[in-house]
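The following account leads the reader through selected parts of one protein model. It is best read with the structure open alongside.

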Amino acid sequence: MPRRPGPQIKRASDKEKKDGAGGSHDKVNVDAPTPSSADEQWSTNKQGGNVLQWLAQKTDAVAPAPTSRGAVEYLNQAKKPKSYAAAAASSTGKAKLSTPADRLAEKAADKPAAKAARSASAKDPAKSGRRDAATEVPKAPPREPAKETAKDAARAALPKATPKVEAQPAVVPAAAAEATAVPRPRSKASPIASPHLKQSDDAVSKLVLISAAKAAITPAAATNTADKPEKAAQTSTSAATAPPLKSVQRSSVSTPAGVPRLEAPPPRRVRGRRRDDDRAIRAQQRMEEEQESAQRRHEEAMRTDAEYKERFESMQEMQAAMQMSQAEFFAKYSRQETLLLNHVVTERLDMPVILDLIDQHDVVFICTDTGSGKSTGVPKALLELSPDTKVVSTQPRRTATVAIASRVASLRREPVGEDVGYWIRGDKRGDEQTRLWYMTSYTLLLRILENPAELPFTHIVLDEFHERQPDLEVTVALLRLALLNKTSHFKLVLMSATLNTEDWEEYFAGLRVATYKQSEPEHPIHDYFLEDTCTLLGTDYQAPPHLVSRGVVDKDTVDKHFYLAQNLILFLNSCSNPVHSILVFLPGRAQVEAMSTWLLTQLSHRVDAVPWHSAVNLSEIEAAMKRHLPRRQKVYLATDIAEVSITLPDVVHVIDLVLVKRPKISKESPASIHYPPLVTQWISRGSVAQRRGRIGRVQQGFYFCLFPAAQIADLPAYSQPPIENSRIDELSLHCLQVVNNPVAIFSLCHGQPLVEAIASSMNTLTQLGCILDARDPLSAGERVEEIYNRQNERWSRMIMAAAQAEVATDIPEYQYTFVGRILQLIPVSPQPGMLVFFGFLTGLESLMILAAAVTSSLSPFSINASDGRQRHFNVPRAMEETENVMRDLCCGLRSDIVAAMKATLLFRIEQQRHSDNVPTLRQWCLQKHLSYDKLMAIVDLESHIKYELAEFVPFRNIVEAERLLEQLDKLASMVAVMTNVAFVAQSLEVTSEGNAYTNSKEMALGIFSDLTAVPDIHSPSCLRWQEGDIIIPVQLNLIFDKLLASFSTAIASPKQFWISLLLFSQRVQYATFSDDDGTFHVFALSYGGKERYVEVDEISGYVVLEFRRKLSSICEVLRLSHAHRLLYEEDFDALLSSYSLPPLPELQREVITGLVSIFNNLEDMTADEVEHDEDDLDVVSLLSFALPTRAS
């Protein structure tokens, strides 16, 4: 092993360079190795050499990550947004010419001569390999264009007028020397026209360096020809003068003329078989004649047909390149070790130096290699500093949070929940005595928002900081403000393997900031880019140019890379040890499931497929890591969830499609702001470094990057902050706990949401009744003082003052309502959360909590709910069977939500009946076309919602699934009504229905939007769209300019739709008019920035207003229930009497009875949409929480 390079440390106390050559601080390099050439850095001939140096220094990128300043723009009302993005200049450098290719070309030139006799064919390659490995070849001068490629050398070495011979398996000795360059087919040759790259310590810069070195063409053949002309002449002479022999194989392409052919053995003499022997001889003669004829035709084509000659030579080149590439791969793989499962990943951090930096500074960046032990080592070391330390460490995902907490607890030889615990939404292991908490970043944000003035931690560690989720952006903004104003005393530690620290150091100006960097070469990683992978597989595929500049990754490109990954899995499975697992990075869950089905169909007896995405429980991944099936290779099929934190010690091969599915908002597409589409896009160079870092931790590894080496420099250096491409409704609502306007916090973040996204979120929260503008005349009575935290008033003033320094205008103030407080408590987005509030209004609390869990988790029905072992899967038939099951469960309604709720209740009944017998439950789900994992997620979310609400307001919790099932059968139509109101902003009106004879398709237009939608034919549904229907989909996915609607409810009567909105909308404006026909009411409904007007007759208007008054009475009782939840029941009833309010159950019975009565007599009511241009609807009907006057 080479000498371990020391860490690079940047301290706040370092003096600035006076000559201006450096940054604001000097970097102290301890034992830093001298930068070497590109060939030396990426050579794999040295065990543990510089092969990992491209990941050594993660934070020296000069180009800041592109950020949005949407919050400031939103407050300043600027017409054109400012851009703080700096385009990173990407230029490929001239790679130094690789010298090992000379040896490969020489070996290729000697190969035809070595095949002169069968007896020498098995010995010469090994001898030649050893001789060539020992030969010193001078390096080619740098910055000189290549004259001839290694592929040309292989083409020159092969006989030009000889036919193709069947490839024989190459004999690779165990100690064969490896080569760093292989000849490529002519179709993949590319010119060299790029200057040298400047040496840099940045991970992404070194990634460009390696890709440029891989893409450059080495002048091996030219050098060999110039240095050794005699040897080349001898090779060609011997190949030309070899005597031809007859072949014994029947083939359209005979043995090359320059290769001797073995004679057939004499026939065995058997008495009485002379006639049969003559027949065999004649067949042999015919075969030889056909071969000679084929040989003559081939030679004629080689002389006369230039295209045929070119194809034949290209095929020979590809075959020679494939053999050499595979020989190189086997030589490297022959040194592979076999590790035990309990192999401990040793920490490689200088912990005393890190602890000293944390003690002397406010903010410390720790940027080290993946697998260096920072996620477990740093929090554990802080915990052991003193009995008084209290540490919290965050992870972006629940899986990693639980896994790392368990790992640290096992290192301390204690169970999880004592000194080390974890806390995620819905699960908590630990108590007041726990001193090291592992949390998801969102959980930490919720803890901070409860009381930011008194943070109970001495050290806050934000791990995997480069992911920068929206909640993490807000968390960092609040912690930075607390450090600047010295409201809390804690140390902030930010850890990542790939991070642009210079940009962030400027963000923390005014604080003492230090940076610790270290990367130690541990085990070599052998890199194969797209060209190398195609050569290894013998595939003539050339990626199109300018992949990144196209913007959108088309389906054809994804399919081709998916096919390459499949072939690569087949190759690795056929030639590698089954204990050496494979990790495949795929764009999204759909590709994970498709690859899993393919493996189960084609290689079920040879591989153990492990799907890994957000819906897979951590316990399944942990069980898969410990599972070892005889003679079956483990293949992890993962999304980007596997990029961070978790070490897989058994993984040796990583196959990276370099793709990811993430939300993408476009300012040119208004629909993308409301429904950010999941777009398949190329990952950044930082993500490439993260994925590459999954191997090389405990043993050498092989990284297959299915992306052209020459285009790696075109990838963005860092990913765009997710906050710029996300809906922020839920985050905005949570921020209102500490400030009167969430935009004030966004203006302090390093990355900010877009202006359009902020405006859309504030509009949505206002229309749902979660927030009110402080300037609204009704806001004074709606302010519920009991739900506000007085301790946060100081923080609110501090945040508003800091935001005022960033913007040049006054910041409007908002306040959250009682409904908003309910939605802050539960782990669902605002629209499903409204179903919980409707449950309180109607007395169906448990049933509507289930509806909220179902609509948040989406449909549990799946047409792929099979084991995937059948070779021919009939998708249309499976879809029809699934939809038939849904129709049996929808209680006679056209509602996918009701069907999913009933399926969940039946699943809970099966759980009780079979005592949580997982195999039996999975079999039941298989028969019902249900996903076991989705159903378990719904049940867990339902329990979590009930847990969060239990302490806020008392409610009737129905635990028995049988009772809930009975309630659903009776009131399914009312559940559908309330679901429609919660998701009314997504409502659609069907303008045309599908017809196979006229070749027309279903089409619908948005009622409160200008969007066009079609049904998602890939998602099962119990309803069919009919012209005139109103469809309320829960899920909308934007594909180009159309929306795909799924998981929907259909309403055949527009009257039912408008009446349900008038009954349950949080706020409506109306006026009463009279004409010759009588008195009528006109109501205005506003959703999604659009207003619709509904005219009803006098009696219907009276019914609507009376029903809304009863709902307001329930709101008042709920407010009193929260404020006086500790009173005994008798005392609380007396309190209600003083306000002239009946008990809550009585009011709820009146509401649900009135609701059923209204929809049973809907034919006697009139409700029609009309146009109303005058601004005379001045009466407001609000579901108010303002308390009436208390009787004396």
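**A buried glutamate and its surroundings**

In this predicted model, E505 is buried, because its relative accessible area is 14%, which falls under the 20% limit used for that term. E505 belongs to helix α17, which spans residues 501–507. The side chain of E505 forms a polar contact with the side chain of T515, at 2.8 Å. Along the chain, E505 and T515 are 10 residues apart, and their C-alpha atoms are separated by 9.1 Å.

The sheets may be considered next. Strands of a sheet pair through backbone hydrogen bonds, in either a parallel or an antiparallel sense. One open sheet consists of 6 strands in the order β11-β18-β15-β12-β14-β13, and its pairing is parallel. Why is one side of β11 and of β13 left without a neighbour in the sheet? Strands β11 (525–528) and β13 (607–612) stand at the edges and each has a single partner strand, so one side of each remains without a neighbour there. From one strand to the next, the twist averages 15°.

Within this sheet, strand β12 (residues 581–585) and strand β14 (residues 633–638) run parallel and are joined by 4 bridges. F585 has A638 of β14 as its bridge partner. Helix α11 (residues 306–333) packs on the sheet and touches β11, β15 (651–656) and β18 (701–705). The direction of helix α11 makes about 145° with that of β18. Helix α23 (residues 685–692) lies across β11, β12, β15 and β18, and runs at about 150° to β18.

A further set of parallel pairings involves strand β8. In a regular strand the side chains alternate between the two faces of the sheet. From strand β8 (residues 459–462), H459 and V461 point one way, whereas I460 and L462 point the other way, and all are buried. Strand β4 (residues 391–395) pairs with β8 in the parallel sense over 4 bridges, and β8 is also joined by 4 bridges to strand β9 (residues 491–496), again running parallel. L462 in β8 stands opposite T394 and also opposite L494 in β9.

Aromatic side chains complete the picture. The model contains 29 aromatic pairs. Ring pairs link F329, F330, Y333, Y528, F571, F702 and F704 into a cluster. Charged groups also lie over rings: the charged end of K428 sits over the ring of W423, 3.9 Å from its centre, and R480 lies over the face of Y507, at 4.5 Å from the ring centre.

How values were computed
Residues numbered from 1 in each chain as written. Predicted model: local features only at pLDDT ≥ 70, side-chain atom pairs only at ≥ 80, totals over all residues. Heavy atoms only, no water. Phe/Tyr/Trp six-rings, centres within 6.5 Å; stacked < 30°, edge-to-face > 60°. Lys NZ or Arg CZ within 6 Å of the ring centre and 35° of its normal. Helix = DSSP H or I, 4+ residues; strand = E, 2+ residues; numbered from the N terminus. Buried < 20%, exposed > 50% of the residue type's maximum accessible area, 1.4 Å probe, protein only. Polar contact = N/O pair within 3.5 Å; in protein donor to acceptor, adjacent residues only side chain to side chain. Pairing = 2+ DSSP bridges. Axes fitted to C-alpha atoms, helices over the stretch in contact; angles between N-to-C directions. Contact = heavy atoms within 4.5 Å.
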